[in-house]
Amino acid sequence: MNLRVRPVSGLRGAIDLPGDKSITHRALLLGSLSAGASRIRGYLDSGDCRATMGCLRALGVPVEQEAEDTLTVRGAGLRGWREPENVLNCVRSGTTMRLMAGLLAGQPFYSVLGGEAQLLRRPMDRVAQPLRLMGAQITGRQSGKLPPLTLVGAPLHGIEYTLPVASAQVKSCLLLAGLYAEGMTTLIEPGPSRDHTERMLRARGVELSSQGLCHAVRGPANDLTPLDLTVPGDFSSAAYFLVGALLVEGSEVRLRHVGVNPTRTGLLDALRAMGAEITLLDEREEGGEPVADLLVRSQGLRATTVAGDLVPRMIDEFPILALAATQAEGVTRVRDAAELRVKETDRIATIVEALRALGARIEPRPDGFDVEGPTPLVGAAVDSFGDHRLAMTLAVAGLIARGETTVLRAEWIADSFPGFEPRLQALAPGALS
Ligand code: S3P
């Protein structure tokens, strides 16, 4: 499916965002380990989250839609999963595969985690190696580096481990394995990655302590208490409309009920450093997560540097940040972001290629990129490279690029943001033809 986008004279109105992807994955998994029925309202019904639902069903856990926006997960406790009959299909979802690996490592049965070509290229040694240190029997292609992963149930024991990269997927995988391990599993992160797993495990009665970047969980844990959760809107989805409204003159947009967990909102800091005024309204806490409405108006931007601890706090937002930087005065520099090379695509390479096709001045670096602005963009037909975040970035670029922009293979957007197009249409009537 191709998406054709034209410039508009402003984004205006108020919208709700679909549920947070990271929180939905975790709610499904933790619900499946609880003793009893968990209710998840406002869950994200995206391709990636459906992959997690499919894996859980294959493990014998009933996952049913109760009302339009509510899922019920009927868990049978920490030992309630059953040996799957076939390969567990993680489709294109790295979160599904890495978090499932942590939970399967301690199960008394055989399982295989597989998926589509895009996922089969992504590194899994970052979870397989520390899981082996905990006693897991786990193998994969290329000496255990790549999926499919094969796991044979084994008794686990706690370890003390320093993560080589700031990754919430690795941290969460090991914390979840720690629920099944004998003794303490202690993890030290090199930077602040998203902390939804820690918040949600603690709320389920798990003995888990966090001091700065050090997290410790004591196992074996008791069955988790069931969830009754409303999932906040996904900040990473809100990011496209935040930047769209900043860049398109005459815009004023209110994004309602968005999760503003500080381990996720690095883009707000970066945009504010670029001169953007974004107001948080009606700040509240819901289900253990901070939530707010975001108000944003169009505004001129200046260049900034993004590096260090800010990087993991906005790891999914670099495609849209790069677009914002094309319109900012000066050279925006991104450093310490080599992780971008192992996302759904090599995002340093694909961001550079896609934005250059629209006329952007952007140079790749081994661990980031430099963008020179402001540069007028010119519409073209550009491939999404099968990367949902790149596809949405290109669609927002189409709102400011001269002429028409065609996003090729835009159907991948549904991996994280089903309902992106109708929301774009609601805020910017006439943008999509
Ligand atoms: C996620 C963590 C991040 C992020 C991904 C979701 C999670 O990955 O890019 O979209 O839900 O834990 P890394 O932990 O690999 O950085």
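Me: What makes up the exposed surface of the protein chain in this predicted model?
Reply: The protein chain exposes about 15,300 Å². Carbon and sulfur atoms supply 49% of that area.

Me: How much of the protein chain is buried?
Reply: Buried residues make up 60% of the 433 residues. To count as buried, a residue needs under 20% relative accessible area.

Me: Why is Ser22 called buried?
Reply: Its relative accessible area is 8%. The cut-off for buried is under 20%. Ser22 falls under that cut-off, so it is called buried.

Me: Where does Ser22 sit, and what is it in contact with?
Reply: Ser22 is found in helix H1, residues 21-32. Setting aside neighbours within four places in sequence, Ser22 is in contact with Arg194, His196 and Arg264. Contact here means heavy atoms within 4.5 Å.

Me: Which residues are around the ligand?
Reply: Ser22 is one of them. The others are Lys21, Arg26, Thr95, Arg98, Ser167, Ala168, Gln169, Arg194, Ile315, Asp316 and Lys343.

Me: What makes the approach of Asp316 to the ligand a polar contact?
Reply: A polar side-chain atom of Asp316 lies 2.6 Å from an oxygen atom of the ligand. The limit for a pair of N or O atoms is 3.5 Å. The Asp316 pair is within that limit, so it is a polar contact.

Me: Which backbone atoms pair with ligand oxygen atoms?
Reply: A polar backbone atom of Ala168 is 2.9 Å from an oxygen atom of the ligand. For Gln169, a backbone N or O atom lies 2.8 Å from a ligand oxygen atom.

Me: How much of the ligand does the protein cover?
Reply: On its own, the ligand has 390 Å² of accessible area. The protein covers 95% of it.

Me: How do you know that the buried residues of H14 line one face of the helix?
Reply: In H14, residues 420-427, the buried residues are Phe420, Glu421, Leu424 and Leu427. Seen down the helix axis, they fall within an arc of 130 degrees, so they line one face. An α-helix has 3.6 residues a turn, so residues three or four places apart point the same way.

Me: What do the buried residues of H14 pack against?
Reply: They pack against strands E1 (3-5), E2 (12-16) and E15 (252-259), and against helices H9 (235-247) and H13 (388-397).

Me: Why does the radius of gyration agree with a compact globule?
Reply: With 433 residues, a compact globule would have a radius of gyration near 22 Å. The protein chain has 21 Å, which agrees.

Terms used. Residues are numbered from 1 along each chain as its sequence is written. This is a predicted model: local features need pLDDT of at least 70, side-chain atom pairs count only at pLDDT 80 or more; totals for chains, interfaces and linings use all residues. Side-chain values use heavy atoms; hydrogens and water are left out. Buried means under 20% relative accessible area, exposed over 50%, partly exposed in between (1.4 Å probe, protein chains only). Helices (H or I, at least four residues) and strands (E, at least two) are DSSP runs, numbered from the N terminus. The arc is that of the directions from the helix axis to the C-beta atoms. A residue is near a molecule or strand if one of its heavy atoms lies within 4 Å of it. A polar contact is a pair of N or O atoms within 3.5 Å; within protein, one must be able to donate a hydrogen and the other to accept it, and residues adjacent in sequence count only if both atoms are side-chain atoms. Accessible areas come from the Shrake-Rupley method with a 1.4 Å probe; for residues, only the protein chains shown count as cover. The radius of gyration is taken over C-alpha atoms; the globule rule is 2.2 Å times the number of residues to the power 0.38.
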